[in-house]
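Open the model in your viewer and keep the selection tool ready. Each stop tells you what to pick and what is there.

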Amino acid sequence: MDFEQLEALQKQIQETPIFFYNSILSCPYWEKQQEILESCFKCQRTTVASCNASGKSYNVARIALAFLYAYPNSIVVTTAPTFRQVYNVIWREIRGAYESSAIPLGGVLNKTRLELGSNWYAFGVASDKPDNVRGIHATGGHILIIVEEAQGIEKEILTALEGNLTTNDVSLIYIGNPTV
C-alpha cells in the first residue's frame with residue numbers, strides 16, 4: 001500500500017468509522033456499539049451508561065484500534081480502576097481484535113501497548129496518582145482516552161484526565177455501569 005492509498009483509507013475511517021469494523025476487522029457489532037463508535041469520532045466527550053455483559057469492553061477495544069489507525073501519530077490511552085482490568089479486560093480484547101483482524105494491522109503489539117511508530121501508539125494505564133495521567137500530547141494532535149468502568153475511577157483521576165482535553169483533537173469516552 002502506498003502513501004496515497006493509506007491516506008485515503010485513513011480518511012475513510014475518519015469519515016465513516018464503521019468501515020474499520022466492517023472492512024478491516026470484519027467483526028460483528030450491534031446498533032448501540034456503532035453509535036458509540038461514531039460518537040467517539042464526532043464528539044469530544046462520549047458518556048455511556050451500560051450494564052453487565054453488554055459488550056462494552058469488546059467495543060472500546062475496537063474503538064481504540066479504529067481511532068489509532070485512523071489518525072497518523074495519534075495516541076490512544078486506555079484506563080480502568082485497576083491494572084488487572086486494563087490488562088485482563090481491555091487489552092485482552094484489543095489483542096484479540098488485533099490478532100483476528102481480517103487484514104494484518106502491523107505495528108508491535110505487547111501486553112498493554114501497541115506501537116505503530118515512535119509517536120503513534122496505544123497503551124493501558126491504571127493509576128491512583130493524578131500526575132500519572134496528565135500531560136498526554138500527540139505529535140499528530142489526535143488523542144483518545146478510554147475510561148472503562150468509569151464509575152470506579154477516583155474523582156481526582158477523572159479531573160486529571162479531563163485536563164488533557166485542551167484541543168478539539170482530544171476525545172474522551174467514559175463507559176461503565178451507572179452505580180455511582
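Select Ser39 first. In this predicted model, Ser39 is buried because its relative accessible area is 18%, under the 20% cut-off. Ser39 belongs to helix H3, residues 31-42. Which side chain does the side chain of Ser39 make a polar contact with? Add Thr46: the two side chains are in polar contact at 2.7 Å.

Now show strand E1, residues 45-49. In a regular strand, side chains alternate between the two faces of the sheet. Look along E1 for this pattern. Thr46 and Val48 point to one face and are buried. Arg45, Thr47 and Ala49 point to the other face and are not buried. Next, bring in strand E7, residues 170-176. E1 and E7 pair in the parallel sense, over 5 bridges. Opposite Thr46 you will find Ile173 of E7.

Move on to the rings. The whole structure holds 7 aromatic pairs. Pick Phe67 and Tyr71: their ring centres are 4.9 Å apart and their planes meet at 50 degrees, so this pair is tilted. Both residues are buried. Add Phe41, and you have one aromatic cluster of Phe41, Phe67 and Tyr71.

Then select Tyr121. What sits over the ring of Tyr121? The charged end of Arg113 does, 4.3 Å from the ring centre. Tyr121 is buried, at 16% relative accessibility. For a similar view, select Tyr87: Arg95 lies over its face, 5.1 Å from the ring centre.

Finish at helix H2, residues 18-25. Of its 8 residues, 6 are buried: Ile18, Phe19, Phe20, Tyr21, Ile24 and Leu25. Just after H2, click Ser26, which has a positive phi of about 50 degrees.

Methods: Residues are numbered from 1 along each chain as its sequence is written. This is a predicted model: local features need pLDDT of at least 70, side-chain atom pairs count only at pLDDT 80 or more; totals for chains, interfaces and linings use all residues. Side-chain values use heavy atoms; hydrogens and water are left out. Buried means under 20% relative accessible area, exposed over 50%, partly exposed in between (1.4 Å probe, protein chains only). Helices (H or I, at least four residues) and strands (E, at least two) are DSSP runs, numbered from the N terminus. A polar contact is a pair of N or O atoms within 3.5 Å; within protein, one must be able to donate a hydrogen and the other to accept it, and residues adjacent in sequence count only if both atoms are side-chain atoms. Two strands pair if DSSP finds at least two bridges between them. Rings of Phe, Tyr and Trp (its six-membered ring) pair if their centres lie within 6.5 Å; planes under 30 degrees apart count as stacked, over 60 as edge-to-face and the rest as tilted. A charge sits over a ring if NZ of Lys or CZ of Arg is within 6 Å of the ring centre and within 35 degrees of the ring normal.
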